[in-house]
Amino acid sequence: MENFPVINLESINGEERKAVLEKIEDACENWGFFELLNHGIPLELLDTVERLTKEHYRKSMEQRFKEAVASKGLEGAQGEIKDMDWESTFFLRHLPHSNISEIPDLSEDYRKAMKEFAEKLEKLAEKLLDLLCENLGLEKGYLKKAFYGSKGPNFGTKVANYPPCPKPELVKGLRAHTDAGGIILLLQDDKVSGLQLLKDGNWVDVPPMRHSIVVNLGDQLEVITNGKYKSVEHRVITRTDGTRMSIASFYNPAGDAVIYPAPSLLEKKTEVIDKVYPKFVFEDYMRLYATLKFQPKEPRFEAMKSVNTV
(Lines give C-alpha, C1' and ligand atoms only; values in the text may rest on other atoms or scores of the structure.)
Protein backbone atom coordinates (compact mmCIF):
# COMPACT_ATOMS: atom_id res chain seq x y z
CA MET A 1 0.00 0.00 0.00
CA GLU A 2 2.86 2.38 0.69
CA ASN A 3 3.63 2.36 -3.06
CA PHE A 4 0.09 3.11 -4.21
CA PRO A 5 0.34 6.34 -6.24
CA VAL A 6 -0.97 9.34 -4.30
CA ILE A 7 -0.68 12.57 -6.27
CA ASN A 8 -0.96 16.05 -4.83
CA LEU A 9 -2.34 18.37 -7.53
CA GLU A 10 -1.64 21.48 -5.48
CA SER A 11 1.67 22.11 -7.22
CA ILE A 12 0.59 21.23 -10.79
CA ASN A 13 0.86 24.86 -11.88
CA GLY A 14 4.10 25.61 -10.05
CA GLU A 15 7.76 24.65 -10.26
CA GLU A 16 6.94 21.02 -9.45
CA ARG A 17 4.70 20.55 -12.50
CA LYS A 18 7.21 18.25 -14.22
CA ALA A 19 7.50 16.02 -11.13
CA VAL A 20 3.71 15.81 -10.76
CA LEU A 21 3.29 14.94 -14.45
CA GLU A 22 5.92 12.21 -14.10
CA LYS A 23 4.03 10.73 -11.15
CA ILE A 24 0.79 10.73 -13.19
CA GLU A 25 2.62 9.12 -16.13
CA ASP A 26 4.05 6.37 -13.93
CA ALA A 27 0.61 5.71 -12.38
CA CYS A 28 -1.06 5.50 -15.80
CA GLU A 29 1.57 3.14 -17.19
CA ASN A 30 2.07 0.88 -14.18
CA TRP A 31 -1.06 1.04 -12.04
CA GLY A 32 -4.06 2.27 -14.08
CA PHE A 33 -5.12 3.95 -10.81
CA PHE A 34 -4.04 6.88 -8.66
CA GLU A 35 -5.39 8.86 -5.75
CA LEU A 36 -5.66 12.67 -5.95
CA LEU A 37 -5.26 15.16 -3.12
CA ASN A 38 -5.83 18.93 -3.45
CA HIS A 39 -7.89 18.30 -6.57
CA GLY A 40 -9.79 21.59 -6.35
CA ILE A 41 -13.21 20.25 -5.31
CA PRO A 42 -14.28 22.03 -2.10
CA LEU A 43 -13.90 19.71 0.89
CA GLU A 44 -17.17 20.89 2.42
CA LEU A 45 -18.95 19.79 -0.77
CA LEU A 46 -17.38 16.33 -0.44
CA ASP A 47 -18.53 16.17 3.19
CA THR A 48 -22.07 17.20 2.20
CA VAL A 49 -22.24 14.63 -0.61
CA GLU A 50 -21.00 11.89 1.73
CA ARG A 51 -23.42 12.81 4.52
CA LEU A 52 -26.44 13.02 2.19
CA THR A 53 -25.51 9.79 0.37
CA LYS A 54 -25.31 7.88 3.65
CA GLU A 55 -28.57 9.41 4.87
CA HIS A 56 -30.30 8.49 1.61
CA TYR A 57 -29.06 4.91 1.85
CA ARG A 58 -30.33 4.51 5.40
CA LYS A 59 -33.71 6.06 4.61
CA SER A 60 -34.48 4.74 1.13
CA MET A 61 -32.16 1.88 0.16
CA GLU A 62 -31.08 -0.19 3.16
CA GLN A 63 -34.36 -1.97 3.80
CA ARG A 64 -34.85 -2.57 0.08
CA PHE A 65 -31.41 -4.18 -0.11
CA LYS A 66 -32.15 -6.45 2.83
CA GLU A 67 -35.38 -7.59 1.22
CA ALA A 68 -34.02 -7.99 -2.32
CA VAL A 69 -30.40 -9.14 -2.23
CA ALA A 70 -29.95 -10.42 1.28
CA SER A 71 -33.15 -12.44 1.02
CA LYS A 72 -31.51 -14.54 -1.70
CA GLY A 73 -29.42 -15.72 1.18
CA LEU A 74 -26.03 -17.32 1.30
CA GLU A 75 -27.30 -20.41 3.09
CA GLY A 76 -26.59 -23.58 1.24
CA ALA A 77 -24.03 -21.99 -1.08
CA GLN A 78 -21.34 -24.58 -1.81
CA GLY A 79 -18.74 -22.10 -3.05
CA GLU A 80 -18.32 -18.52 -4.16
CA ILE A 81 -21.44 -17.07 -5.80
CA LYS A 82 -20.38 -15.85 -9.25
CA ASP A 83 -23.59 -14.29 -10.59
CA MET A 84 -24.42 -11.54 -8.10
CA ASP A 85 -22.84 -8.56 -6.36
CA TRP A 86 -23.42 -7.59 -2.72
CA GLU A 87 -24.22 -3.95 -3.46
CA SER A 88 -27.06 -1.43 -3.35
CA THR A 89 -26.92 1.07 -6.24
CA PHE A 90 -28.61 3.77 -8.24
CA PHE A 91 -27.42 5.74 -11.27
CA LEU A 92 -27.43 9.43 -12.15
CA ARG A 93 -26.90 10.77 -15.66
CA HIS A 94 -25.32 14.23 -16.10
CA LEU A 95 -24.33 14.51 -19.78
CA PRO A 96 -25.56 14.90 -22.43
CA HIS A 97 -28.75 15.41 -20.37
CA SER A 98 -29.27 15.22 -16.61
CA ASN A 99 -31.87 12.93 -15.07
CA ILE A 100 -31.27 14.03 -11.46
CA SER A 101 -34.73 15.63 -11.24
CA GLU A 102 -36.36 12.33 -12.28
CA ILE A 103 -34.78 10.03 -9.67
CA PRO A 104 -37.32 9.24 -6.92
CA ASP A 105 -36.67 9.55 -3.17
CA LEU A 106 -33.86 12.13 -3.42
CA SER A 107 -34.17 15.16 -1.16
CA GLU A 108 -33.82 18.59 -2.77
CA ASP A 109 -30.59 19.15 -0.84
CA TYR A 110 -29.20 15.89 -2.19
CA ARG A 111 -30.17 16.69 -5.79
CA LYS A 112 -28.54 20.12 -5.50
CA ALA A 113 -25.35 18.74 -3.95
CA MET A 114 -25.00 15.98 -6.57
CA LYS A 115 -25.57 18.45 -9.40
CA GLU A 116 -22.83 20.74 -8.06
CA PHE A 117 -20.54 17.77 -7.42
CA ALA A 118 -21.04 16.51 -11.00
CA GLU A 119 -20.16 19.94 -12.43
CA LYS A 120 -16.90 20.01 -10.44
CA LEU A 121 -16.05 16.41 -11.40
CA GLU A 122 -16.66 17.14 -15.09
CA LYS A 123 -14.12 19.98 -14.97
CA LEU A 124 -11.65 17.81 -13.06
CA ALA A 125 -12.04 14.94 -15.56
CA GLU A 126 -11.33 17.29 -18.47
CA LYS A 127 -8.34 18.78 -16.65
CA LEU A 128 -6.93 15.29 -16.06
CA LEU A 129 -7.49 14.31 -19.69
CA ASP A 130 -5.44 17.35 -20.73
CA LEU A 131 -2.65 16.37 -18.31
CA LEU A 132 -2.67 12.93 -19.94
CA CYS A 133 -2.48 14.64 -23.37
CA GLU A 134 0.55 16.59 -22.20
CA ASN A 135 2.27 13.41 -21.02
CA LEU A 136 1.42 11.59 -24.25
CA GLY A 137 2.59 14.42 -26.50
CA LEU A 138 -0.94 14.90 -27.85
CA GLU A 139 -2.37 18.35 -28.49
CA LYS A 140 -4.38 19.84 -25.63
CA GLY A 141 -8.03 18.79 -25.92
CA TYR A 142 -7.26 15.70 -28.05
CA LEU A 143 -8.85 13.20 -25.64
CA LYS A 144 -11.92 15.33 -24.98
CA LYS A 145 -12.38 15.65 -28.74
CA ALA A 146 -11.88 11.88 -29.19
CA PHE A 147 -14.75 11.31 -26.72
CA TYR A 148 -17.01 14.00 -28.16
CA GLY A 149 -18.94 12.31 -30.97
CA SER A 150 -21.92 14.33 -32.19
CA LYS A 151 -23.48 15.20 -28.81
CA GLY A 152 -20.57 15.45 -26.41
CA PRO A 153 -19.36 12.92 -23.84
CA ASN A 154 -21.49 10.64 -21.69
CA PHE A 155 -21.05 11.43 -18.03
CA GLY A 156 -22.84 9.67 -15.20
CA THR A 157 -22.49 8.53 -11.60
CA LYS A 158 -23.03 5.16 -9.96
CA VAL A 159 -23.88 5.65 -6.28
CA ALA A 160 -23.22 2.41 -4.41
CA ASN A 161 -23.26 1.14 -0.86
CA TYR A 162 -21.71 -2.17 0.13
CA PRO A 163 -23.47 -3.38 3.29
CA PRO A 164 -21.96 -5.78 5.83
CA CYS A 165 -22.02 -9.37 4.60
CA PRO A 166 -22.24 -12.34 6.97
CA LYS A 167 -20.11 -14.56 4.70
CA PRO A 168 -17.61 -12.44 2.76
CA GLU A 169 -15.85 -15.51 1.40
CA LEU A 170 -18.99 -16.43 -0.56
CA VAL A 171 -19.75 -13.22 -2.46
CA LYS A 172 -17.99 -10.12 -3.76
CA GLY A 173 -19.34 -6.62 -3.31
CA LEU A 174 -18.51 -6.19 -6.99
CA ARG A 175 -16.89 -8.90 -9.10
CA ALA A 176 -13.54 -8.26 -10.82
CA HIS A 177 -13.73 -6.23 -14.04
CA THR A 178 -12.14 -3.40 -15.98
CA ASP A 179 -14.20 -0.27 -16.71
CA ALA A 180 -15.39 0.05 -20.30
CA GLY A 181 -15.27 3.81 -20.67
CA GLY A 182 -12.86 6.72 -20.41
CA ILE A 183 -11.74 8.14 -17.08
CA ILE A 184 -13.41 7.33 -13.76
CA LEU A 185 -13.41 9.54 -10.66
CA LEU A 186 -14.35 7.97 -7.34
CA LEU A 187 -15.26 9.44 -3.97
CA GLN A 188 -15.02 6.46 -1.64
CA ASP A 189 -15.64 5.84 2.03
CA ASP A 190 -12.66 7.02 4.06
CA LYS A 191 -13.21 4.53 6.89
CA VAL A 192 -14.51 1.29 5.37
CA SER A 193 -12.16 -0.24 2.79
CA GLY A 194 -12.91 -2.88 0.17
CA LEU A 195 -11.74 -1.65 -3.24
CA GLN A 196 -8.82 -3.66 -4.64
CA LEU A 197 -6.91 -3.64 -7.92
CA LEU A 198 -4.89 -6.36 -9.59
CA LYS A 199 -1.18 -5.49 -9.71
CA ASP A 200 1.43 -7.99 -10.90
CA GLY A 201 -0.91 -10.88 -10.12
CA ASN A 202 -1.75 -9.71 -6.58
CA TRP A 203 -4.82 -7.93 -5.23
CA VAL A 204 -3.78 -4.58 -3.72
CA ASP A 205 -6.00 -2.41 -1.49
CA VAL A 206 -6.84 1.09 -2.74
CA PRO A 207 -6.32 2.93 0.55
CA PRO A 208 -9.27 4.94 1.90
CA MET A 209 -8.14 8.56 2.36
CA ARG A 210 -10.29 11.41 3.55
CA HIS A 211 -11.21 13.96 0.86
CA SER A 212 -9.29 12.17 -1.89
CA ILE A 213 -10.58 11.38 -5.38
CA VAL A 214 -9.50 8.00 -6.76
CA VAL A 215 -8.90 8.03 -10.53
CA ASN A 216 -8.78 5.00 -12.80
CA LEU A 217 -8.50 4.54 -16.54
CA GLY A 218 -11.08 2.73 -18.65
CA ASP A 219 -10.69 0.49 -21.71
CA GLN A 220 -11.05 3.40 -24.17
CA LEU A 221 -7.91 5.13 -22.90
CA GLU A 222 -6.03 1.87 -23.35
CA VAL A 223 -7.19 1.78 -26.98
CA ILE A 224 -6.42 5.45 -27.72
CA THR A 225 -2.92 5.13 -26.20
CA ASN A 226 -2.46 1.80 -28.03
CA GLY A 227 -1.72 0.04 -24.75
CA LYS A 228 0.76 2.56 -23.33
CA TYR A 229 -1.79 3.18 -20.56
CA LYS A 230 -3.82 0.27 -19.23
CA SER A 231 -7.26 -0.24 -17.79
CA VAL A 232 -6.79 -2.44 -14.73
CA GLU A 233 -8.95 -5.15 -13.23
CA HIS A 234 -10.49 -4.20 -9.89
CA ARG A 235 -13.10 -5.52 -7.47
CA VAL A 236 -14.84 -4.77 -4.19
CA ILE A 237 -14.58 -7.34 -1.42
CA THR A 238 -17.29 -7.64 1.23
CA ARG A 239 -16.76 -7.24 4.95
CA THR A 240 -18.63 -8.43 7.99
CA ASP A 241 -18.62 -4.94 9.53
CA GLY A 242 -19.38 -1.45 8.19
CA THR A 243 -21.19 -0.23 5.08
CA ARG A 244 -18.80 1.12 2.42
CA MET A 245 -19.93 4.13 0.37
CA SER A 246 -18.74 4.49 -3.23
CA ILE A 247 -19.63 7.32 -5.65
CA ALA A 248 -18.03 6.55 -9.02
CA SER A 249 -18.41 9.03 -11.89
CA PHE A 250 -17.70 7.87 -15.43
CA TYR A 251 -16.55 10.37 -18.07
CA ASN A 252 -17.09 8.28 -21.21
CA PRO A 253 -17.16 8.77 -24.96
CA ALA A 254 -20.41 9.60 -26.75
CA GLY A 255 -22.21 6.56 -28.10
CA ASP A 256 -21.31 7.51 -31.70
CA ALA A 257 -17.69 8.49 -30.95
CA VAL A 258 -15.21 6.58 -33.09
CA ILE A 259 -12.39 5.24 -30.91
CA TYR A 260 -8.97 4.31 -32.30
CA PRO A 261 -5.28 4.63 -31.38
CA ALA A 262 -3.97 8.20 -31.68
CA PRO A 263 -2.02 8.23 -34.99
CA SER A 264 0.88 10.23 -33.54
CA LEU A 265 1.45 7.48 -30.94
CA LEU A 266 1.76 4.89 -33.71
CA GLU A 267 4.21 7.05 -35.65
CA LYS A 268 6.87 7.16 -32.94
CA LYS A 269 9.74 5.14 -34.28
CA THR A 270 11.64 4.76 -31.00
CA GLU A 271 10.03 1.42 -30.14
CA VAL A 272 8.72 -1.48 -32.13
CA ILE A 273 4.91 -1.52 -32.14
CA ASP A 274 3.96 -5.17 -32.02
CA LYS A 275 0.20 -4.71 -32.05
CA VAL A 276 -2.29 -2.04 -32.99
CA TYR A 277 -5.57 -1.76 -31.11
CA PRO A 278 -8.84 -1.80 -33.09
CA LYS A 279 -10.98 1.07 -34.40
CA PHE A 280 -14.69 0.98 -33.47
CA VAL A 281 -17.78 2.94 -32.48
CA PHE A 282 -18.06 3.22 -28.70
CA GLU A 283 -21.69 2.03 -28.47
CA ASP A 284 -20.74 -1.17 -30.33
CA TYR A 285 -18.07 -1.82 -27.72
CA MET A 286 -20.61 -1.18 -24.95
CA ARG A 287 -23.01 -3.73 -26.42
CA LEU A 288 -20.27 -6.35 -26.25
CA TYR A 289 -19.16 -5.22 -22.77
CA ALA A 290 -22.70 -5.58 -21.41
CA THR A 291 -22.48 -9.34 -21.87
CA LEU A 292 -18.77 -9.78 -21.07
CA LYS A 293 -18.12 -7.26 -18.27
CA PHE A 294 -16.77 -9.80 -15.80
CA GLN A 295 -14.49 -11.51 -18.31
CA PRO A 296 -10.97 -10.47 -19.46
CA LYS A 297 -10.79 -7.37 -21.69
CA GLU A 298 -8.39 -8.77 -24.32
CA PRO A 299 -11.02 -10.92 -26.12
CA ARG A 300 -13.27 -7.83 -26.25
CA PHE A 301 -10.56 -5.88 -28.06
CA GLU A 302 -9.99 -8.82 -30.42
CA ALA A 303 -13.71 -9.13 -31.13
CA MET A 304 -13.93 -5.45 -32.09
CA LYS A 305 -11.37 -6.01 -34.86
CA SER A 306 -13.93 -8.09 -36.74
CA VAL A 307 -16.82 -5.66 -36.21
CA ASN A 308 -16.85 -3.50 -39.33
CA THR A 309 -18.77 -0.58 -37.91
CA VAL A 310 -16.45 2.23 -38.98
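Helices here are DSSP runs of H or I with at least four residues, and strands are E runs of at least two. With that in hand, welcome to a predicted model in which residues 107-134 are 96% helix and 0% strand. The UniProt record, an unreviewed entry, also marks a domain, "Fe2OG dioxygenase", over residues 153-253. Below is a short tour of both spans and of the aromatic rings.

**The coiled-coil span and helix α3**

- An unreviewed UniProt entry gives residues 107-134 the feature name "coiled-coil region".
- From one end of that span to the other, the C-alpha atoms are 41 Å apart.
- Helix α3 takes in residues 108-136, and at 1.5 Å a residue its 29 residues should span 42 Å; the end C-alpha atoms are indeed 42 Å apart, so expectation and model agree.
- Gly137 comes just after α3 and has a positive phi of about 75 degrees.

**The annotated domain**

- Residues 153-253, which carry the "Fe2OG dioxygenase" annotation in the UniProt record, are 48% strand and 6% helix.
- The C-alpha atoms at the two ends of this span lie 5 Å apart.

**Aromatic pairs around Tyr251**

- A pair of aromatic rings is described by how far apart the centres are and by the angle of the planes.
- Eight aromatic pairs occur in the structure, and two of the pairs described here involve Tyr251.
- Phe147 and Tyr251 have ring centres 6.1 Å apart and planes at 35 degrees; planes under 30 degrees apart would count as stacked and over 60 as edge-to-face, so this pair is tilted.
- Phe147 belongs to helix α4 (residues 142-148) and Tyr251 to strand β11 (residues 244-252), so their contact ties together parts 104 residues apart in sequence.
- Phe147 and Tyr251 are both buried.
- Phe155 also pairs with Tyr251: the ring centres are 5.8 Å apart and the planes stand at 55 degrees, so this pair is tilted too.
- Since Phe155 sits in strand β4 (residues 154-162) and Tyr251 in strand β11, the pair ties together parts that are 96 residues apart in sequence.
- Phe155, like Tyr251, is buried.

**A ring cluster and charges over rings**

- Tyr277, Phe280, Tyr285 and Phe301 form a cluster linked by ring pairs.
- Lys199 is placed over the face of Trp31, 4.8 Å from the ring centre.
- Over the face of Tyr260 lies Lys279, at 5.1 Å from the ring centre.

Methods. Residues are numbered from 1 along each chain as its sequence is written. This is a predicted model: local features need pLDDT of at least 70, side-chain atom pairs count only at pLDDT 80 or more; totals for chains, interfaces and linings use all residues. Side-chain values use heavy atoms; hydrogens and water are left out. UniProt positions are given in the numbering used here, feature names are shortened, and annotations may be inferred rather than shown by experiment. Rings of Phe, Tyr and Trp (its six-membered ring) pair if their centres lie within 6.5 Å; planes under 30 degrees apart count as stacked, over 60 as edge-to-face and the rest as tilted. Buried means under 20% relative accessible area, exposed over 50%, partly exposed in between (1.4 Å probe, protein chains only). A charge sits over a ring if NZ of Lys or CZ of Arg is within 6 Å of the ring centre and within 35 degrees of the ring normal. The expected span of a helix is 1.5 Å times one less than its number of residues.
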